[in-house]
Amino acid sequence: MIKINKRIVSEHGISEDEFKLIKEILQREPNLLELGIFSVMWSEHCSYKSTKKWLKTLPTSGEKVICGPGENAGIIDIGDNEAIVFKMESHNHPSFIEPYQGAATGVGGIMRDVFTMGARPIANLNSLRFGSPKHPKTKQLLSGVVKGIGDYGNCVGIPTVGGECNFHESYNNNILVNAMCIGLVKKNKIFYSIAKGSGNPIIYVGAKTGRDGIHGATMASAEFDDHSEDSRPQVQVGDPFMEKLLLESCQELMKEDAIIAIQDMGAAGLTSSSFEMASKGSCGVKLFLDKVPCREDKMTPYEMMLSETQERMLMVIKPSKKKKTLRVFKKWGLEAAEIGVITKTGNMEIFFNNSLVGKLPIKPLADSSPEYDRPSEKPFIKFKKEAHKNFSIKSALIKIISSPNHSSKKWIYHQYDRSVMCDTYFSSEQSDSAVIRVHNSTKAIAVTCDCNPIYCNSDPKLGAEIGVAESWRNLIASGADPIAITDNLNFGNPEKKEIMYQIKEAIKGIKTACEALNYPVVSGNVSLYNETKNKSIFPTPVIGGVGVIKNIFRSKGLRMNEGDKIFIVGNSHGHLELSEFNRICNKNYGSPPPLDLKEEIKNGTFVRNFMKKHNSIVTGCHDISEGGIILALAELAIRNKKGLNIKIPSNIKNSKNWLFGEDQSRYLLIVNNEDIIKKVAKKENIKLQKIATVSGDKFCIIKKFEISVKKLIKYNSIWFENFIEK
Amino acid sequence: MPKKVVSIVVFPGSNCDRDLDIAVQKYMNVNTELVWHDDPNIKNQEMIFIPGGFSFGDYLRSGALATKSPAMKEVIRLSKKGVPIIGICNGFQILTECKLLDGALIDNCKRLFICKENFVKIENKNNPFTKNIHKNVVQFPIAHAQGRFYTSEDNLKRLEDNNQIVFKYSSRDGKINKSENPNGSMNNIAGIINKNKNILGLMPHPERAINFSEDNDGISFFRGLQNLL
């Protein structure tokens, strides 16, 4: 038996204080297996020890919330006995080390979180952040991640309908891969992970356990250094075919009255799934590890408990349905085994070769994990000083639309099956949010991912507020009523005061905006230690927003027709600090645009109601965000292959500020009747400005410049292919 | 009169079976039976569909493992008796792997999965599968990693001489050229039939072109198949 010493404790990422606490809980020294279990259960990844104190402050309930954070995923009510299950989760660390498998297993993991609850996944999205295109690794990481996401979702047959992909040097050595999944479930057929009933069997199903991914959760809770790539064996390998079989077999079994509790074996595998299920149900567990299906010979209890082999599920079932359960899994060719039993003891008792090899109290381990109030301090932000550049309006527009962040993402989304399941009405290149029909109905779900790390770096609270507001706006622009969000908080090392400040401020920002917009947080994920050799990523709290559309045909997307008029809803002040325009001019300093949540609500409510009441007048709608009015208009022209005659209002003195300013709470509404919108806006005291007419095949700013839409499309479409094929 | 019943063979890893089932029932006015791959008997022999997806994960060659399924052995037997058989996407790959159709479907020229709307020209209507489609160019989504049709020059000539090439990737107005070829298929081939004209394989997905509008071209594809029953 290995004697536990200081070195072993620290290698498990456990601090001295934490080790003391472990000894207090156990009233003795742990053995290696037990120490391993503590280390994964108390890792940042599983325990949220640095953030839990702040996450608790977020608004998580509401009229439409069926299940908030704490379960496998959040659930909202969409009426007609139907509910939407959704969550976003990061797979940042593994994707940097092994981009294809890292991203693929990220998608697999989030889909399991959703279908574990009884839902059928209906759409996947992802939010990706890569380093500078000039960084030698970026190309390979981009290709690998996109292929990994595509291959996994395509094989399982769930459409990947949207997301975002951006490049910035702060991600050079820590890319971000955040995967989001939404699923549809009948309200009375939701499954939870609360284990119950002494004597009930615990069934393991899915892939056989191997030595892959041992301590993956611990890896995701440490900074990278020069040797990080040596952790490649900690990255799991994905098998989407196995996932498809698990999905279909679980759906089949869920029709029977067999499952009491179910949870996927994700991070920290068998350990976290068994502990969490037992803890929620306040019961005990006996596990017989000899029964665990193993892929490799001579696996030790330590390895079995900590393995992160993918595509595995753990469930507690009714004893009377054991035969039926095993029959269903056999039909699908899946390995299933009874590996344990629920007890009343409140303890986890682990047996191997007929002897007790570990015994741990479940509640203290799962619930009394450390909670830190880490010190925080506002960082002093050093801005890179570079010589300023000057651009004309035309050259700035061309520069922005042909830049990596604003180029057409066709190269990416063509690799994603967006049409399987036949319910994709708009994928995210066609509309501000993706719009997915609720099968067999005219209802639809709108879904979007948003974050502006440039804003968040300068002011994490305001940046996070803007992220929430933008997702809300994107849903409204697609004709939806926003309902709730999931968040994926990506930051550096929380043990550093400046990073902790960013985390706390960002959570405050999310709280402020979500409370104001009545837009609760129903699920989420935290990814910390995204830093390498002391250099952290920009704070990146990604918001995944979900809304409901009563009649899918009222969702208009980014459409416009010849002769339509385009109006700006909201106030334009010309805020250029931290805008795309200032950034191409090398002016990387300043504050994000101010956000007035009252105005956000006012403008959003106007657009939402106008689209509902005067639906036949509205051809399309687009929010104004990065790049300002001019980029929003250019995107419309490119999308529709149609020209625009744009007239800058005569009272505007500085047209660059006005065109490129990134003021918040604004929309472009494309309508075929200008009288009605003017009348309604006036009545409701909404700032409305006519800006353009859809006409011809040129993008023309009167008295400034014109360019053919064909040329714009060309500028917008070349970057990715050139970058990849170079 | 009770509705006729057509069969859809489902493999572990099929993922277009539900979509196909809906399209067939709705627009062919029939009932369907989903036949699990290990069933050696196919009761309903009016018409058999092989749906898209990733049968057995397609980790080997697309469609290769599916050929070993008991249901496929039965499909092969029934095909010789003239039963109409339609394979879409992975179904087409399986039919070529079974040698029920000529050629092979290999990696797309850029070696990437590709999903997009594509125009497809109906190259000939001299067969029961396409003779009732009024349009000459239809729009169907494609979604595959291995859809590049390949065969020997001799075989290609034979396919052309026998009017076995049914669908070709094209422009909106039916022009066949390289720029409209999404995957590098020989002669832009998107779908072919066998010599006896009872087996059709195509890479594009007509079952994904029936939604949100009554003008969608998948509808006329499935309606047109009714004459085969």
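Biologist: I would like to start with a single pair of strands: how many bridges join β14(A) to strand β15 of chain A, and do the two run parallel or antiparallel?

Modeller: In this predicted model, two bridges join β14(A) to β15 (residues 434–437) of chain A, and the two strands run antiparallel. Within this pair, F426(A) stands opposite V435(A) of β15(A).

Biologist: Which strands form the open sheet that holds this pair, and in what order?

Modeller: The sheet has six strands, in the order β14-β15-β16-β21-β17-β18 of chain A, and their pairing is mixed. At the edges stand β14 (424–426) and β18 (521–527) of chain A, each with a single partner strand, so that one side of each is left without a neighbour in the sheet. From one strand to the next, the twist averages 20°.

Biologist: Which helix lies across β17, β18 and β21 of chain A?

Modeller: That is α19 (residues 497–517) of chain A, which runs at about 180° to β17(A).

Biologist: How should I read the packing of two helices, and what are the values for α22 and α25 of chain A?

Modeller: Two packed helices are described by the angle between their axes and by the distance between those axes. Here the axes of α22 (residues 628–640) and α25 (residues 709–717) of chain A come within 9 Å and cross at roughly 100°. Angles of 65 to 115 degrees count as roughly perpendicular, and α22(A) and α25(A) are therefore roughly perpendicular to each other. Their contact is made by A634(A), A637(A) and I638(A) on the side of α22(A), and by V709(A), L712(A), I713(A) and N716(A) on the side of α25(A). By class, this contact has six nonpolar residues, one polar residue and no charged ones.

Biologist: Which residues of α25(A) are buried, and which on its other side are exposed?

Modeller: The general idea is that an α-helix has 3.6 residues a turn, so residues three or four places apart point the same way. In α25(A), the buried residues are V709(A), L712(A), Y715(A) and N716(A). Seen down the axis of α25(A), they fall within an arc of 120°, so they line one face of the helix. On the other side of α25(A), K711(A) and K714(A) are exposed. The buried residues of α25(A) pack against α15 (393–401), α22, β27 (698–701) and β28 (705–708) of chain A.

Biologist: Finally, how many residues does each chain bring to the contact between chain A and chain B?

Modeller: Chain A brings 21 residues and chain B brings 20 residues. On the side of chain B that touches chain A, β6 (114–122) and β7 (137–144) of chain B each supply at least two residues, and β6(B) gives the most, with three residues. By class, that side of chain B has 11 nonpolar, six polar and three charged residues.

Methods: Residues are numbered from 1 along each chain as its sequence is written. Chains are lettered from A and ligands numbered from 1 in the order in which they are written. This is a predicted model: local features need pLDDT of at least 70, side-chain atom pairs count only at pLDDT 80 or more; totals for chains, interfaces and linings use all residues. Two residues are in contact if their C-beta atoms, placed from the backbone, lie within 7 Å. Helices (H or I, at least four residues) and strands (E, at least two) are DSSP runs, numbered from the N terminus. Ala, Val, Leu, Ile, Met, Phe, Trp, Tyr, Cys and Pro count as nonpolar, Asp, Glu, Lys and Arg as charged, and the others, Gly among them, as polar. Axes are lines fitted to C-alpha atoms, for helices over the stretch in contact, and angles run from 0 to 180 degrees between N-to-C directions. Angles under 35 degrees count as roughly parallel, over 145 as roughly antiparallel, 65 to 115 as roughly perpendicular and the rest as oblique. A residue is buried if 20 or more other C-beta atoms lie within 10 Å of its own, exposed if 12 or fewer, and partly exposed in between; C-beta atoms are placed from the backbone. The arc is that of the directions from the helix axis to the C-beta atoms. Two strands pair if DSSP finds at least two bridges between them.
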